[in-house]
Amino acid sequence: VDGDEVLLAPGGYNLNDGTLEVSEAITLAPSVPGTRPVITNTVMSSTVSIGDAATLRDLRIEGADKFSGLAVVFIQNAIPTLDRVIVFSPSLPSSQGIAVRSGVSLRNSAVYVNGDQADAIEFTVFDPYGDSTIRNSTLIAVGPMSDGIEASSPGAGPGYELEFVNSIAIGGAIGIYAADPNIFVEGPDLS
C-alpha cells in the first residue's frame, strides 16, 4: 500500500520465480541499519521493476548472469528514488543496469555493467513523468561500445531534462550519449 515501509532482513534474496514488482509508492530498505540486502535474479527478466514513486534504499540489486539484453532495474510510469543503491550487471552484451522509461531520482548510488553495447543507465523516455536527477553517483559501463548513460526521448517531446550533479559516468565508448536533441543534460559549468 502507498506509504508502507517494507524492511528486508540482512542477507540475500534470490528471485527464482521472476521479477520483484514494486507497484506501490512504498519504501524498500534494510531492517538493520548499516546492512545492504542483496536481491538477485536467475531467470530471464529484470530483477526489479518499478511502476510507482517508490523509494529503494541501501540495497544491492544484481542481474542474472546468463541472459543478455535485459535491464537489472526497469522503471516506468513514475519517478522512483534510488538512494545508496548498488546495481550490478554481469558480463553480458546489450544489457542495462537501469532502464528508464519515465524518470528517476538516483542519489548516492553506483551502477556497474560489463558487456559489449551495455549501458549503466539507459533512458528511452516515451512518456515522462518529470525530469530525472542523478546526484552523487558513479555509473560505469565496461566493454566495447558501452555507455555510462545513453539517452533518447522518442515520445518525450521537447525539453526533457537530466540533471547530473557530482557524479561520474564512464563508458567503454562514451560517458554520456544523448541521442536526441530533445534531451538536455545539465551539469556543472566546466568552461
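**Exercise 1. Determine how many helices and strands the chain has.**

Solution. The chain has 0 helices and 22 strands. Here helices (H or I, at least four residues) and strands (E, at least two) are DSSP runs, numbered from the N terminus. The model is predicted: local features need pLDDT of at least 70, side-chain atom pairs count only at pLDDT 80 or more, and totals for chains, interfaces and linings use all residues. Residues are numbered from 1 along each chain as its sequence is written, and side-chain values use heavy atoms, with hydrogens and water left out.

**Exercise 2. State what percentage of the 191 residues count as buried, and describe the largest nonpolar core.**

Solution. Step one: 47% of the 191 residues count as buried, meaning under 20% relative accessible area (1.4 Å probe, protein chains only). Step two: the largest nonpolar core, a set of buried Ala, Val, Leu, Ile, Met, Phe, Trp, Tyr and Cys residues joined through side-chain atoms within 4.5 Å, holds 34 residues. Within this core, L56, V73, L82, I98, F123 and L139 touch the most other members. Step three: strands that each supply at least two residues of this core include β9 (71-75), β12 (96-100) and β15 (119-124).

**Exercise 3. Compare D58 with N136 in phi, location and accessibility.**

Solution. Most residues other than glycine have a negative phi. D58, however, has a positive phi of about 55°, and phi of N136 is near 50°. D58 is found in the loop between β7 (55-57) and β8 (60-62); N136 lies in the loop between β16 (132-135) and β17 (138-142). D58 is buried, with a relative accessible area of 16%, whereas N136 is partly exposed (from 20% to 50%) at 36% relative accessibility.
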